[in-house]
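Got a structure open and wondering where its labels come from? Let's go through some of them and check each against its cut-off.

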Amino acid sequence: MRRPLAGLVHFARRRRIREGAPAECAGLKIISWNLLRKVGATVQDVAALVDTEQPDILLMQEATAEIDMLPHMIGGHYARCPLPGRIHGLACWSTLPFARTPRACTIPSGVIVKRHAQIIDYNEFSLANVHLSHGQMLNRRQLRRIAALMSSPCAILGDFNLVGPAMVPGFRDVGPRAPTHRMADLVPIRIDRCLVEGMTCHEARVLPVFASDHQPIAVTLGSMAT
């Protein structure tokens, strides 16, 4: 079922104009970043990224309990969903209120790590924050399961651990094409992705690397009509 996105995009446009940003930047700015759990980005690093980039929504993977301090430091709306048996998991921070509390949805898991997706519902659209398995058949199965849980307009963002096309019917890969990670610290690969259905991407870029072994990706999304 398709839901109208124009109202929320208009809200983001008004907020950016009020802050002095150019009109062509209108849309929802979403950043996704794998923080590299305890040895990567700290909550101060995350707050600095928000201050610099001014996203509407920030999705995080490998977020630990330390990141729970983020809303106390910078305000906003926040939720974290630790992976079963792990110290880290998926977290989201937003300037916009959630339509309901973000929820963890079970997806097919590998033998070692049990996985889930964090589903974030707003009144006008939905997001899935993901950290998928490394197996190239398994992570595509996980994506298809997540896609089946969502209604257009929606987007799936995060660390896909995926090489090559996602092959999810109805969804388009609109994320930046530049590498976001170096496999074994040597081979540059693009594994941080953004898939959309019923949305359009006005801008997509890889942000400078710091603090983590993944570079954040930033996309500006709007309705198909904008």
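Q: What does the protein chain contain in terms of helices and strands?
A: The chain has four helices and 14 strands. Keep in mind that this is a predicted model.

Q: How much of the protein chain is buried?
A: Buried residues account for 54% of the 226 residues. To earn that label, a residue needs under 20% relative accessible area.

Q: Why is Val163 called exposed?
A: The cut-off for exposed is over 50%, and Val163 has 53% relative accessibility, so Val163 counts as exposed. You'll find Val163 in the loop between S8 and S9. Leaving out residues up to four places away in sequence, Val163 touches Gln136, Arg140 and Arg193. The C-alpha atoms of Val163 and Arg190 are 7.2 Å apart, with the two positions 27 residues apart along the chain.

Q: What makes Arg100 and Asp121 a salt bridge?
A: The closest N and O atoms of the pair are 3.0 Å apart, and the cut-off is within 4 Å, so the pair qualifies. Arg100 sits in the loop between strand S4 (89-94) and S5 while Asp121 is in strand S6, so the bridge ties together parts 21 residues apart in sequence. The structure holds nine salt bridges.

Q: Are Arg100 and Asp121 buried or exposed, and how do you know?
A: Arg100 has a relative accessible area of 48%, so the label is partly exposed. Asp121 is at 8% relative accessibility, so Asp121 counts as buried, given the cut-off of under 20%.

Q: Which salt bridges does Asp173 form, and what makes them count?
A: Asp173 pairs with Arg190, with the closest N and O atoms 3.1 Å apart. Asp173 lies in strand S9 and Arg190 in the loop between strand S11 (187-189) and S12, so this pair ties together parts 17 residues apart in sequence. Asp173 also meets Arg193 in a salt bridge, at 3.2 Å from N to O. That second pair links distant parts of the chain, with Asp173 in strand S9 and Arg193 in strand S12, 20 residues apart. Both distances, 3.1 Å and 3.2 Å, are within 4 Å, so both pairs count.

Q: Why are Arg190 and Arg193 called buried?
A: Arg190 has a relative accessible area of 16%, so it is buried. Arg193 is at 2%, so Arg193 is buried too. The cut-off in play is under 20%.

Q: How do you know that Asp192 has no salt bridge?
A: The nearest side chain of opposite charge, Arg193, is 8.0 Å away, whereas a salt bridge has to be within 4 Å. Asp192 is buried all the same, and lies in strand S12.

Q: What makes polar contacts with the side chain of Asp192?
A: The side chain of Thr180 does, at 2.5 Å, and so does the side chain of His214, at 2.9 Å. The cut-off for a polar contact is within 3.5 Å. Beyond its neighbours within four places in sequence, Asp192 is also in contact with other residues, including Gln61, Gly158 and Ile217.

Q: What makes S12 a mostly covered strand, and which strands pair with it?
A: Five of the six residues of S12 (residues 192-197) are buried. Strand S8 (residues 154-159) pairs with S12 in the antiparallel sense over six bridges, and strand S9 (residues 172-173) does so over two. At least two bridges are needed for a pairing, so S9 qualifies with its two. Within these pairings, Gly158 has Arg193 as its bridge partner, and Asp173 stands opposite Leu195.

Q: Why are S5 and S9 edge strands?
A: The open sheet has six strands in the order S5-S6-S7-S8-S12-S9, with mixed pairing. Strand S5 (103-106) and S9 each have a single partner strand, so one side of each is left without a neighbour in the sheet. For S5, four bridges make an antiparallel pairing with S6, and Thr106 has His116 as its bridge partner there.

Note on methods. Residues are numbered from 1 along each chain as its sequence is written. This is a predicted model: local features need pLDDT of at least 70, side-chain atom pairs count only at pLDDT 80 or more; totals for chains, interfaces and linings use all residues. Side-chain values use heavy atoms; hydrogens and water are left out. Buried means under 20% relative accessible area, exposed over 50%, partly exposed in between (1.4 Å probe, protein chains only). Lys and Arg count as positive and Asp and Glu as negative; His and the chain ends are not counted. A polar contact is a pair of N or O atoms within 3.5 Å; within protein, one must be able to donate a hydrogen and the other to accept it, and residues adjacent in sequence count only if both atoms are side-chain atoms. Contact means heavy atoms within 4.5 Å.
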